[in-house]
Amino acid sequence: MIPEIEQLLIIQDRDQKLKELNSDIERLPLEELQAKERLKAATTSVEISEKAFMENEIAMKNIELDIDTRKDSITKLKVQQMETKKNDEFAVMEHSINNYQSEIVKLEDSQLELMEKGESLSETLQHNKDNLAKDQKIVDSELAIIRERKIQITKKVSELEIDRKEISSNIAPDLLDQYNRIFKSKKGDAVSELINDICSGCHMKVTPSTALAVKAEKVVTTCDQCGRILYI
Ligand SMILES: [Zn+2]
């Protein structure tokens, strides 16, 4: 094999690895985002159950106030009852007192319902908070793994780049430029083996003179069809 092609094959190997590692690095921010997105559902559940719990608390306080207002009215009416001497007035007041009392019974019933509801809302809230804490732990460790991978990949990339630079210094700049152009346009595959006069890059048969030139191994020869550098 022509020594320069041997060097190019090593460079191509480094370049293919670099390409893979760089696309791994490019994917990391998305992976990070996806990990964080996983917290969204759990966070929303906590927010919704927190809101439902608070609304229930407010409803209970309002009922408490409604009951207190009616109790105050009853107290006032009882004072007025003691002061009045008219039987019909007394009866009207008695009627109002009874109304307020039956309203209080109803309010106390719904207060009890809300208290029971509050207990189950509080359980749901705690359950959702626990889930969020669990998810947070998982996501935190996922993010730590992603960070560590980034460090490792970056390290590997700079090692490969140094290695590539060293090997490149043994190759004529013109040939290296040619290789770089083909590697870029053929998306990671610039040096191809000629097998049975067929270029393994484009799978086309080369002309007899090209096949002869490749086999002679005197000069760097490219495929007639795709322009890839050929070796045998
Ligand atoms: Zn070809």
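In what sense do β1 and β4 pair, and over how many bridges? They run parallel, with three bridges between them. That is a handy way into this fold, so here are my notes, point by point.

1. **What we are looking at.** Keep in mind that this is a predicted model. The domain assignment cuts the protein chain into domain 1 (13-171) and domain 2 (172-232). Their C-alpha centres sit 63 Å apart.

2. **How the domains touch.** Five residues from domain 1 and five residues from domain 2 make up the contact. On the domain 1 side, helix α1 (residues 3-83) supplies the largest share, with three residues. By character, that side of domain 1 has one nonpolar, two polar and two charged residues.

3. **The long-numbered pair, α1 and α2.** A quick reminder before the numbers: two packed helices are described by the angle between their axes and the distance between the axes. For α1 and helix α2 (residues 87-168), the angle is about 165° and the axes are 6 Å apart. An angle over 145 degrees counts as roughly antiparallel, and α1 and α2 are therefore roughly antiparallel to each other. The crossing of α1 past α2 is left-handed. As for what lines this contact, there are 36 nonpolar, 20 polar and 24 charged residues.

4. **α1 against α3.** α1 also packs on helix α3 (residues 173-185), here at about 40° with the axes 11 Å apart. That angle makes α1 oblique to α3. This crossing is right-handed. If you want to find the contact on screen, pick out E4, L8, I11, Q12 and D15 in α1, which meet L175, Y179 and F183 in α3. Sorted by type, the contact holds five nonpolar residues, one polar and two charged.

5. **The sheet as a whole.** Four strands make an open sheet, and reading across it the order is β2-β1-β4-β3, with mixed pairing. Why is one side of β2 (198-199) and of β3 (221-222) left without a neighbour in the sheet? Both strands stand at the edges and each has a single partner strand, so one side of each has no neighbour there.

6. **The β3 end.** β3 pairs with strand β4 (residues 229-231) in the antiparallel sense, over two bridges. For a specific pair to click on, T222 has I229 in β4 as its bridge partner. Helix α1 comes in here too: it packs on the sheet and touches β1 (191-195) and β4. The direction of α1 makes about 120° with that of β1.

7. **The middle of the sheet.** Back to the opening question: β1 and β4 are the parallel pair, held over three bridges. V191 stands opposite I229 in β4. I229 is thus worth centring your view on, since T222 has I229 as its bridge partner and V191 stands opposite I229 as well.

8. **The β2 end.** β1 and β2 are antiparallel to each other and share two bridges. Across this pairing, L194 stands opposite C199 in β2. What do β1 and β2 form, and how many residues lie between them? They form a hairpin with two residues between the strands. One detail to check in the turn is N196, which has a positive phi of about 50°.

Conventions
Residues numbered from 1 in each chain as written. Predicted model: local features only at pLDDT ≥ 70, side-chain atom pairs only at ≥ 80, totals over all residues. Domains from an automatic or database assignment. Contact = placed C-beta atoms within 7 Å. Nonpolar A, V, L, I, M, F, W, Y, C, P; charged D, E, K, R; others polar. Pairing = 2+ DSSP bridges. Axes fitted to C-alpha atoms, helices over the stretch in contact; angles between N-to-C directions. Parallel < 35°, antiparallel > 145°, perpendicular 65-115°, else oblique. Left-handed = near helix turned anticlockwise from the far one by under 90°.
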